[in-house]
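Trainee: Please take me through this model one question at a time, and explain each term when it comes up.

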Amino acid sequence: MIPSFGQEGGVMVDEIISKVDNYIVLKSDLERAYMNYLSSGNSASSQAKCGILAQLISGKLMVAKAEIDSVEVSDALVDNNLDRRMQIILSQYGGSEEQLEQYYGKSLDDIKEDIRDDVKEQLTVETMQNEIIKDLKVTPAEVKKFFAKIPKDSLPYFSTEVEVGQIVRIPTISAESKNELKLKLNLLKKRAEAGESFEALAREYSQGPSAKYGGNLGFAQRGAMAPKFEANALKLKPNQISDAFETEFGIHIVQLIERRGNEYNSRHIILIPDPSEADIKRTSNSLDSIRQLIVRDSITFEKAAKEFSEDKRTAGSGGFFTDSQGGFKISVEDLDPVIFFTIDSMQVGDISKPVKFRRDDGKEAVRILYYKSKVSPHQANLKQDWQKIQAATLNEKKSRILSEWFDKARNDVFISIDDTYDYCGILN
């Protein structure tokens, strides 16, 4: 058995279950990963646990091999990813550094130092994996061979799939509407300066996700926020509040809490202007003109989406929604219910009239929908599901290449696994 460590009064705190050169896998690492696996709805099994342990050992092997092969990730890349990780962690505590430090019982710098090695290790594993499988492709012959090996009674059954595209236009808000919100925010500023709690006002009036945290945004690196927001925040002295200003997200007032090197801590109140009926009507008319160009074949839908759509997620793909693998055929089960009910009353090939909707960021917008195609429920086949089968073939090939790499690379390092996990046969 590999020696354990961290025993207090005869109680085992943790146990090393594998060593890969100078790197270790702890029992707590395996249990945590296994719990995540189960919490994702997977069934408990010893085989799954062995697979997770194999992945953990493979990761340590990649880090050890990277050290041997002098494969490194830059400190700048590590710092950038570490800062993003810290922002996510801070957001879970309302952006409050004090709450985070109180929870962990240590300073923010100590918390960052604790997770820095994990971040660096993850980036190293990603770098090694990318190096091993870079430029990996599959030929049509490989796809057909992969598909032919699947037993007929094991072929997946796909539900109804559709190809749907959209062109989105965001109404331009009138100057009068914006000025009303600026006036309201400047009045809130005066109330805060007169002694009312900025955080209480943010909870009551702010329309952003930080409202429930009193508008607190936590520490941010320079360059992380919208340029206008950062410019207004950084010209303030601590506790000073800005006049109302506009960014692409809405109208704000911001209070600087603290500035520390290239980081600053701030809180804000944001109001998101809604377009008037006249704003929406003007945008709908403009979008309908684009629709008429498409209907008359003066421009393709895909080209119009790339040129005119203001939805960044879909504009680059010619307006079309994509699945997790980048395919254009979307299961109706995964389609936004609003879009599903809209196309349910359309014929394949139709382009809808402009319709108003509310985007994920809460802003009202107008869009047209193109119902390009529909594939009825069916058992997987090469003609209708080539892209899915090609992706599965590529994933299988990647797994095989990585497994072959593991078999070769393990001869270059020392690997030991606790006898308790002999049944997994990882080194066999």
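Trainee: Which elements are included in what covers the buried residues of helix 10?

Mentor: This is a predicted model, in which local features need pLDDT of at least 70, side-chain atom pairs count only at pLDDT 80 or more, and totals for chains, interfaces and linings use all residues. Residues are numbered from 1 along each chain as its sequence is written, and side-chain values use heavy atoms, with hydrogens and water left out. Helices (H or I, at least four residues) and strands (E, at least two) are DSSP runs numbered from the N terminus, while contact means heavy atoms within 4.5 Å. On that footing, the cover over the buried residues of helix 10 includes strand 5 (161–169), strand 11 (355–358), strand 12 (364–375) and helix 11 (301–308).

Trainee: Why do the buried residues of helix 10 line one face of the helix?

Mentor: Helix 10 buries Asp279, Ile280, Thr283, Ser284, Leu287, Ile290, Arg291 and Ile294, where buried means under 20% relative accessible area, exposed over 50% and partly exposed in between (1.4 Å probe, protein chains only). An α-helix has 3.6 residues a turn, so residues three or four places apart point the same way. Taking the directions from the helix axis to the C-beta atoms, the buried residues of helix 10 line one face because, seen down the axis, they fall within an arc of 120 degrees.

Trainee: Which exposed residues does the face of helix 10 turned away from its buried side carry?

Mentor: The buried side includes Ile280 and Leu287, among others, so the place to look is the face turned away from the side that those buried residues line. The exposed residues carried there are Ala278 and Lys281.

Trainee: Which helix gives the largest share of the lining of the largest cavity?

Mentor: A cavity is a set of points on a 1 Å grid over the protein atoms alone where a 1.4 Å probe fits but cannot get out, and its lining residues have an atom within 4 Å of a point. For the largest cavity the lining includes Asp83, Met86, Leu108, Lys112 and Gln221. Strand 6 (216–221), helix 5 (108–133) and helix 3 (75–91) each supply at least two residues of that lining. The largest share, 4 residues, comes from helix 3.

Trainee: Is aspartate 83 buried or exposed, and what is it in contact with beyond its neighbours within four places in sequence?

Mentor: Aspartate 83 belongs to helix 3 and is one of the residues that line the largest cavity. Because its relative accessibility is 19%, aspartate 83 counts as buried. With its neighbours within four places in sequence set aside, the contacts of aspartate 83 are Lys112 and Gln221.

Trainee: What phi does asparagine 239 have, although it is not a glycine?

Mentor: Asparagine 239 sits in the loop between helix 9 (227–234) and strand 7 (245–247), where, with a relative accessible area of 54%, it is exposed. Serine 70, in the loop between helix 2 (46–68) and helix 3, is not a glycine either and has a positive phi of about 60 degrees. For asparagine 239, phi is positive at about 75 degrees.

Trainee: How much of the protein counts as buried?

Mentor: The protein has 14 helices and 14 strands, and its C-alpha trace spans about 75 × 60 × 35 Å along its principal axes. Among contacts with a separation of 6 or more, 64% join residues 24 or more positions apart. Of its 428 residues, the part that counts as buried is 42%.

Definitions and conventions
On a 1 Å grid over the protein atoms alone, a cavity is a set of points where a 1.4 Å probe fits but cannot get out, and a pocket is an open set with protein on both sides within 12 Å along at least five of seven lines; lining residues have an atom within 4 Å of a point.
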